[in-house]
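Here is a friendly briefing to read with the model open in your viewer. Take a look at the fold before going through the notes.

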Amino acid sequence: MDEKNPSPIPSAGTQTVEPNPVVVTSMDLKLKPGTRIQLGLRKGLVDQVRGSWKKPYDVRVLWDDEKYPVFVTHRGLELEFAKGRLKVL
């Protein structure tokens, strides 16, 4: 290979593949107690929102047909909302 005329096609050993990053826009997900949500096929009721920072940390959700509530991280719900999997009913 010449310095003045580099080969336009790299060899198979030097070719790099860049992964497709998931682009998530910052959306304000407003969750407060009593809000109905749907994540995939599951529907539930927001029971409690925890965290004393600018954004909440935990959300306690009581899913339909389940006996006990479950804590879910707020950031995880934001990512699902940005991907279109979480709906606020």
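The notes below go through the sheet, the helix, the core and the salt bridges.

This is a predicted model, in which local features need pLDDT of at least 70 and side-chain atom pairs count only at pLDDT 80 or more, while totals for chains, interfaces and linings use all residues. Residues are numbered from 1 along each chain as its sequence is written, and side-chain values use heavy atoms, with hydrogens and water left out.

In brief, an open sheet of 5 strands has antiparallel pairing, helix 1 packs on a sheet that includes strand 1, strand 3, strand 4 and strand 5 among its contacts, and a search of the whole structure finds 6 salt bridges. Helices (H or I, at least four residues) and strands (E, at least two) are DSSP runs, numbered from the N terminus.

**The sheet**

- The strand order in the open sheet is 4-3-2-1-5; two strands count as paired if DSSP finds at least two bridges between them.
- Strand 4 and strand 5 stand at the edges with a single partner strand each, so one side of each has no neighbour in the sheet.
- On average, neighbouring strands of this sheet are turned by 40 degrees against each other, direction ignored; axes are lines fitted to C-alpha atoms, for helices over the stretch in contact, and angles run from 0 to 180 degrees between N-to-C directions.
- Strand 1 and strand 2 run antiparallel and are joined by 4 bridges, with Arg36 opposite Leu45 in strand 2.
- These two, strand 1 and strand 2, form a hairpin with 2 residues between them, and Gly40 in the turn has a positive phi of about 70 degrees.
- Strand 2 and strand 3 also run antiparallel, joined by 6 bridges.
- Val46 stands opposite Val61 in strand 3, and Gly44 has Trp63 as its bridge partner in strand 3.

**Helix 1**

- His74, Leu77 and Glu78 are buried (under 20% relative accessible area; exposed is over 50% and partly exposed in between, with a 1.4 Å probe and protein chains only) in helix 1, residues 74-83.
- These three cover an arc of only 105 degrees around the axis, which puts them on the same side of helix 1; the arc is that of the directions from the helix axis to the C-beta atoms.
- An α-helix has 3.6 residues a turn, so residues three or four places apart point the same way.
- The buried residues of helix 1 pack against strand 3, strand 4 and strand 5 (86-88), where contact means heavy atoms within 4.5 Å.
- Gly84, just after helix 1, takes a positive phi of about 90 degrees.

**The nonpolar core**

- The largest nonpolar core has 9 residues: Leu29, Leu31, Ile37, Val46, Val59, Val61, Trp63, Leu77 and Leu86.
- Such a core is a set of buried Ala, Val, Leu, Ile, Met, Phe, Trp, Tyr and Cys residues joined through side-chain atoms within 4.5 Å.
- Strand 3 gives the largest share of this core, 3 residues.
- Not counting its neighbours within four places in sequence, Leu86 is in contact with Leu29, Ile37, Gln38, Leu39, Leu77, Glu80 and Phe81.

**Salt bridges**

- A salt bridge here is a side-chain nitrogen of Lys or Arg within 4 Å of a carboxyl oxygen of Asp or Glu.
- Asp64 pairs with Arg36 in a salt bridge, the closest N and O atoms being 3.0 Å apart.
- This pair links distant parts of the chain, 28 residues apart: Asp64 is in the loop between strand 3 (58-63) and strand 4 (70-73), and Arg36 is in strand 1 (residues 36-39).
- Both ends are partly exposed, with relative accessibility of 36% for Asp64 and 30% for Arg36.
- Glu66 forms a salt bridge with Arg42, with 2.6 Å between the closest N and O atoms.
- Glu66 lies in the loop between strand 3 and strand 4, and Arg42 in strand 2 (residues 42-50), 24 residues apart.
- Asp47 and Arg60 form a salt bridge too, their closest N and O atoms being 2.6 Å apart.
- Asp47 is in strand 2 and Arg60 in strand 3, so this pair ties together parts that are 13 residues apart in sequence.
- Asp47 is partly exposed at 35% relative accessibility, and Arg60 is partly exposed at 24%.
- Leaving out residues up to four places away in sequence, Asp47 touches Pro33 and Arg60.
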